[in-house]
Amino acid sequence: MASLGIPQNTIEILKKYNIKFQKRFGQNFLIDTHVLDKIIDAAGVSSNDFVLEIGPGIGTLTQYLCENAREVMAVEIDSSLIPVLSETLSGYNNVTVVNEDILKIDIKKIAEERNGGKAIKVVANLPYYITTPVIMGLLESHVPLENITVMVQREVAQRMQAQPGTKDYGALSLAVQYYSDAEIVANVPANCFIPRPGVGSAVIRLRCHSKPCVNADDENFMFRIIRASFNQRRKTLQNGLANDSSLGVNKEQAADALKQMGLKETVRGETLSLGQFAEFSNILGSIKL
Ligand code: SAM
């Protein structure tokens with residue numbers, strides 16, 4: 001089967017199967033060979049790898065993955081695309097297509113069964129409506145992961161790799177960076193897709209840590225502190241936390257923890273690094289007892 005990275009070949013398949021793009025499934029198919037090569041390169045896909053692809057669509061990126069990986073599993077929710085994939089992937093014997101919702105799949109079990117429990121790679125041109133649940137689900141699930149290399153909405157990519165004190169920095173940046181090193185590897189204009197998405201896109205690679213890069217005594221408590229401090233971005237950190245009664249932290253305790261860290265009482269959450277949030281929540285946890 002000819003490469004679908006070449007627009008003419010994609011158009012032929014779209015016509016042959018009379019494919020109507022399903023907006024509700026976030027269907028924007030890639031038609032740019034440079035971008036496809038870039039994704040494979042950034043993920044470092046090689047003949048040892050088991051790769052999970054989310055949303056193969058008509059199989060464009062899947063073809064590139066099959067050329068480079070040992071084994072590919074591609075999970076597609078839209079059953080009308082399954083016969084199309086049978087044709088476009090017919091030249092490969094190292095791919096399994098699964099007609100399912102990625103959010104309902106036990107990925108840990110797949111990694112165990114197909115890759116002997118060793119770290120897998122996840123590669124996708126993601127349907128943007130499920131970007132956060134997919135990425136956070138993967139990172140929090142303790143699936144053994146080497147890297148996640150995905151096309152996402154550009155603003156979301158910027159939020160994932162944002163550093164303290166910038167406008168994009170927030171709870172998503174901290175959650176992603178707790179589990180991985182995030183790096184935008186390409187900005188991708190709308191004309192690389194059919195149909196063109198209404199937003200800019202970027203490829204981001206998350207190199208997953210085998211263990212988190214900071215020590216939080218209670219991960220869950222740290223993330224509740226982080227969320228509370230960004231829910232009230234304009235407020236000082238101590239006021240933001242005191243206003244959230246579910247945390248059980250008062251203003252004096254927050255002030256005490258900040259003092260122990262040598263930080264000003266007027267500090268805002270958006271200036272704290274991940275390491276500082278871990279330290280802050282560890283101190284608060286011990287004061288609260
Ligand atoms: N990989 C193809 C490409 O790059 O041309 C298609 C990417 S398109 C942006 C997203 C794909 O994800 C679509 O084929 C869509 O049907 C599929 N999809 C949407 N929601 C899904 C879900 N919950 N689980 C699995 N696949 C999903």
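I'll start just after helix α6, at His142, which takes a positive phi of about 65°. Keep in mind that this is a predicted model.

Stepping back into α6 itself, the helix covers residues 131–140. Which of its residues are buried? They are Thr131, Val134, Ile135, Met136, Leu138 and Leu139. On helices in general, there are 3.6 residues a turn, so residues three or four places apart point the same way. You can look at the α6 list with that in mind.

Next, a pair of helices. Two packed helices are described by the angle between their axes and the distance between the axes. Here the pair is α2, residues 33–43, and α3, residues 60–68. Their axes are 10 Å apart, and the packing angle is about 45°. That angle falls in neither the parallel, the antiparallel nor the perpendicular range, so α2 and α3 are oblique to each other. The crossing of α2 past α3 is right-handed.

What makes the contact? From α2 there are Thr33, Leu36, Asp37, Ile39 and Ile40, and from α3 there are Thr60, Leu61, Tyr64, Leu65 and Asn68. By type, the residues of this contact are six nonpolar, three polar and one charged.

Last, one residue in helix α8, which runs over residues 171–179: Gln177. Is Gln177 buried or exposed? Its relative accessible area is 15%, under the 20% cut-off, so Gln177 counts as buried. What does Gln177 touch, leaving aside neighbours within four places in sequence? Its contacts are Met160, Gln161, Ala162 and Gln163, along with His209, Cys213 and Leu274.

Technical notes:
Residues are numbered from 1 along each chain as its sequence is written. This is a predicted model: local features need pLDDT of at least 70, side-chain atom pairs count only at pLDDT 80 or more; totals for chains, interfaces and linings use all residues. Side-chain values use heavy atoms; hydrogens and water are left out. Axes are lines fitted to C-alpha atoms, for helices over the stretch in contact, and angles run from 0 to 180 degrees between N-to-C directions. Helices (H or I, at least four residues) and strands (E, at least two) are DSSP runs, numbered from the N terminus. Angles under 35 degrees count as roughly parallel, over 145 as roughly antiparallel, 65 to 115 as roughly perpendicular and the rest as oblique. A crossing is left-handed if the near helix is turned anticlockwise from the far one by less than a right angle, and right-handed if clockwise. Contact means heavy atoms within 4.5 Å. Ala, Val, Leu, Ile, Met, Phe, Trp, Tyr, Cys and Pro count as nonpolar, Asp, Glu, Lys and Arg as charged, and the others, Gly among them, as polar. Buried means under 20% relative accessible area, exposed over 50%, partly exposed in between (1.4 Å probe, protein chains only).
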